[in-house]
Amino acid sequence: MTEPDARWLVPRWPAPPGVHALITTRQGGVSQGRWDDGGGGGGLNLGLGSDAPADVERNRRRLLASLPAAPCWLQQEHGTDIVDAGAAASGARADGCYATGVDVVCAVMVADCLPVLLADAAGRAVAAAHAGWRGLAGGVIQNAVAALRTALGDPHAPLLAYLGPAIGPQHFVVGPEVLEAMGRRLPDAARAFHPHAPGKLRADLFALARQALAQAGVTSVHGGGLCTYSDAARFYSYRRDHPTGRHAALIWRSASLP
């Protein structure tokens with residue numbers, strides 16, 4: 001393994017020894033055009049789609065050099081399914097995964113949706129969830145927490161969470177149906193919404209995720225606040241630039257202490 005690109009994000013959180021996390025940015029790859037690094041250089045788009053497939057594969061190989069193994073890439077659907085990263089087939093339809101094995105890399109891809117990384121406080125298991133508003137309203141975070149605890153055989157295992165970059169509350173404008181959907185899952189959802197214009201609200205994904213985590217009994221929550229929409233130099237943003245690229249948020253555990 002090589003050291004990750006200094007332009008990528010290494011979460012600062014009190015993860016237990018042996019737990020590693022990494023969040024890529026749009027920098028450090030080979031993609032061109034609207035998928036570049038924001039300044040005309042090569043962009044690290046990791047999402048297969050309208051970008052040149054060969055460039056995406058080269059970007060994924062660059063990322064792999066900083067990982068112990070290939071990530072568990074998912075076919076994300078803004079749903080709530082969570083799979084075992086150690087057993088799932090490549091391209092499994094899910095919006096989150098967990099791992100108890102060593103060097104099994106959990107991954108989610110995002111470009112405005114919120115990546116949520118989870119770790120057992122004892123370092124025995126990790127998970128990653130893709131939390132857009134539909135996933136949040138459906139309970140994807142609660143499902144990821146439950147899957148992790150079930151894998152550990154401990155329904156009350158203490159967990160830590162890290163909230164990665166996502167569209168910030170100043171830019172995430174939605175209709176009242178989003179508040180209605182959130183309110184069916186989160187009793188205090190209205191506190192994360194603020195008026196924007198007639199028939200429109202600004203929603204705070206970070207605050208909603210914290211509510212979901214608290215509902216699942218996770219109170220050690222870190223990160224949050226980095227806005228993908230407002231930082232075009234570092235992040236892809238679906239709402240700002242559609243079509244656009246994807247970042248990855250990754251987490252794994254190692255056999256020995258770092």
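Reader: In this predicted model, which strand gives the most to the lining of the second largest pocket?
Author: The second largest pocket holds about 280 Å³ of space. Its lining counts 14 residues, with Pro-4, Val-10, His-20, Ala-21 and Trp-252 nearest the centre. One strand, residues 19-23, gives four residues to that lining, the most of any. That strand is β1.

Reader: How many residues of the lining of the second largest pocket are nonpolar?
Author: The lining splits into three classes. Three residues are polar and one is charged. The nonpolar residues number 10.

Reader: Where in its sheet does β1 stand, and why is one side of β1 left without a neighbour?
Author: The sheet is open and has three strands, in the order β1-β15-β7, with antiparallel pairing. β1 has a single partner strand, as does β7, so one side of each is left without a neighbour in the sheet. The twist from one strand to the next averages 10 degrees. The place of β1 is at the edge.

Reader: Which residue of β15 stands opposite Ala-107?
Author: β7 pairs with β15, residues 247-253, in the antiparallel sense. Five bridges hold the pairing. Opposite Ala-107 in β15 stands Leu-250.

Reader: How much space lies in the largest pocket?
Author: The lining of the largest pocket has 34 residues; closest to the centre are His-78, Cys-113, His-130, Tyr-238 and Arg-246. Several elements each supply at least two lining residues: β3 (74-75), β7 (106-110), α2 (133-138) and α6 (238-241). The space in this pocket comes to about 750 Å³.

Reader: How many charged residues are in the lining of the largest pocket?
Author: The lining of the largest pocket is mixed in class. It has 14 nonpolar and 13 polar residues. The charged ones number seven.

Reader: How much space lies in the largest cavity?
Author: Rolling a probe the size of a water molecule over the atoms shows where empty space is left. The structure holds one cavity of 30 Å³ or more. Its lining includes Ile-23, Val-110, Asp-112, Phe-235 and His-247. The space inside is about 40 Å³.

Reader: How many residues of the lining of the largest cavity are nonpolar?
Author: Among the lining residues are Ala-111, Pro-115 and Pro-165, along with Thr-24 and Thr-228. By class, three lining residues are polar and one is charged. The nonpolar count is six.

Reader: Why is β10 largely enclosed, and how many of its residues are buried?
Author: In a regular strand the side chains alternate between the two faces of the sheet. Here both faces of β10 are covered: Leu-159, Ala-161 and Leu-163 are buried on one side, Leu-160 and Tyr-162 on the other. β10 spans residues 159-163, and its burial is complete, so the strand is largely enclosed by the rest of the structure: the count is five of the five.

Reader: Which residue of β10 is the bridge partner of Leu-117?
Author: Strand β8, residues 114-120, runs antiparallel to β10. Five bridges join the two. The partner of Leu-117 in β10 is Tyr-162.

Reader: Do β10 and β14 run parallel or antiparallel?
Author: β14 covers residues 220-223, and four bridges join it to β10. One bridge pairs Leu-163 with Gly-223 in β14. The sense of the pairing is parallel.

Reader: Which strands stand at the edges of the sheet that holds β13?
Author: This open sheet has three strands in the order β11-β13-β12, with antiparallel pairing. Two of them have a single partner strand each, so one side of each is left without a neighbour in the sheet. These edge strands are β11 (173-174) and β12 (193-197).

Reader: Which helix packs on the sheet of β11, β12 and β13?
Author: β12 and β13, residues 200-203, are antiparallel and share four bridges. Pro-195 has Leu-201 as its bridge partner in β13. The packing helix touches β11, β12 and β13, and its direction makes about 170 degrees with that of β12. That helix, residues 176-185, is α4.

Reader: Is Val-178 buried or exposed?
Author: Val-178 lies in helix α4. Beyond four places in sequence, Val-178 touches Trp-133 and Phe-193. The relative accessible area of Val-178 is 3%, and the cut-off for burial is under 20%. So Val-178 is buried.

Note on methods
Residues numbered from 1 in each chain as written. Predicted model: local features only at pLDDT ≥ 70, side-chain atom pairs only at ≥ 80, totals over all residues. Heavy atoms only, no water. 1 Å grid on protein atoms, 1.4 Å probe; cavity = no way out; pocket = protein on both sides within 12 Å on 5 of 7 lines; lining within 4 Å. Points joined across faces, edges and corners; volume = space filled by probe spheres on them. Nonpolar A, V, L, I, M, F, W, Y, C, P; charged D, E, K, R; others polar. Pairing = 2+ DSSP bridges. Contact = heavy atoms within 4.5 Å. Axes fitted to C-alpha atoms, helices over the stretch in contact; angles between N-to-C directions. Buried < 20%, exposed > 50% of the residue type's maximum accessible area, 1.4 Å probe, protein only.
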